[in-house]
Amino acid sequence: MSDETEHYFTADPSVAFERIPLTAAVWGSELDLVSGSGVFAQGRVDIGTSVLFRETEPPAPGRILDLGCGYGVIGLAIAATVSGARVTGVDVNERAVLLANENAASLGLTNYRAVTTDPDDGEYDEIWSNPPIRIGKQALHELLLTWLPRLAPDGRAVMVVGKNLGADSLQRWLTEQGYPTTRLASAKSFRVLETRRAEP
């Protein structure tokens with residue numbers, strides 16, 4: 001099992017900590033970031049996240065949650081591109097949160113912060129995520145049912161999920177839970193899904 005699948009969703013990875021710089025192409029611009037060992041997609045932007053950027057437009061200004069933020073690439077891209085966005089990244093991996101906050105500081109982004117626990121700061125207009133599918137179906141379902149209720153009444157979640165990792169079954173399951181989910185795009189064996197808040 002690789003370091004990535006073994007460690008990235010643990011709170012305190014045991015692999016030695018090495019910072020690894022990269023340049024991320026996001027919505028027509030580039031961000032110089034630092035990733036790290038024991039954090040998802042170290043030294044690169046993973047294919048799913050690249051598909052997410054290519055197949056979407058940045059969200060409107062508002063309160064945005066970057067769920068499973070890793071070293072912060074999705075949330076930082078939103079914070080850098082959308083001046084009126086207030087972005088919170090959340091990840092159980094303490095190393096990832098450290099890197100995300102360091103990246104925000106190096107980019108001079110005061111509208112981004114990352115945390116390891118629920119910040120309990122109310123509703124979000126949008127949730128963006130390359131969700132941690134490898135934590136297992138039950139844990140993933142629990143994660144999504146924890147955060148999707150935090151969407152504002154007209155809010156949405158935008159997620160990229162590998163087709164071979166169950167994107168289509170996840171789409172059906174979310175809809176069955178009362179969170180209507182549609183496919184925005186499909187590219188390189190990934191689906192970009194849009195989930196709306198359940199009707200009251």
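**Close-up views of a predicted model**

**View 1. The largest nonpolar core of this predicted model.** The largest nonpolar core has 38 residues, and those that touch the most other members are Leu 33, Tyr 71, Val 73, Ile 78, Tyr 112 and Trp 128. Helix α3, which spans residues 73–81, gives the most to this core, contributing six residues. In soluble globular proteins, nonpolar side chains tend to be buried together.

**View 2. The surroundings of Val 73 and a separate core.** When neighbours within four places in sequence are left aside, Val 73 is in contact with Ala 24, Val 26, Leu 33, Val 45, Thr 49 and Phe 53. Apart from the largest core lies another core, made of 21 residues, including Leu 65, Val 90, Leu 174 and Leu 193.

**View 3. The buried side of helix α5.** In helix α5, which runs over residues 137–147, the buried residues are Leu 140, His 141, Leu 144 and Trp 147. These residues lie on the same side of α5 because they cover an arc of only 140 degrees around the axis. An α-helix has 3.6 residues a turn, so residues three or four places apart point the same way. The buried residues of α5 pack against the strands β3 (63–67), β4 (86–90), β6 (124–129) and β7 (151–162), and also against helix α6 (167–176).

**View 4. The start of the chain, and confidence in the model.** The protein chain averages a pLDDT of 90, and 91% of the residues score at least 70. Over residues 1–8, however, the pLDDT is below 50, although this stretch has 21 contacts in the model beyond near neighbours in sequence. Where pLDDT is low, the predicted coordinates should not be read in detail.

Technical notes. Residues are numbered from 1 along each chain as its sequence is written. This is a predicted model: local features need pLDDT of at least 70, side-chain atom pairs count only at pLDDT 80 or more; totals for chains, interfaces and linings use all residues. Side-chain values use heavy atoms; hydrogens and water are left out. pLDDT is the predictor's confidence in each residue, from 0 to 100. Contact means heavy atoms within 4.5 Å. A nonpolar core is a set of buried Ala, Val, Leu, Ile, Met, Phe, Trp, Tyr and Cys residues joined through side-chain atoms within 4.5 Å. Buried means under 20% relative accessible area, exposed over 50%, partly exposed in between (1.4 Å probe, protein chains only). Helices (H or I, at least four residues) and strands (E, at least two) are DSSP runs, numbered from the N terminus. The arc is that of the directions from the helix axis to the C-beta atoms.
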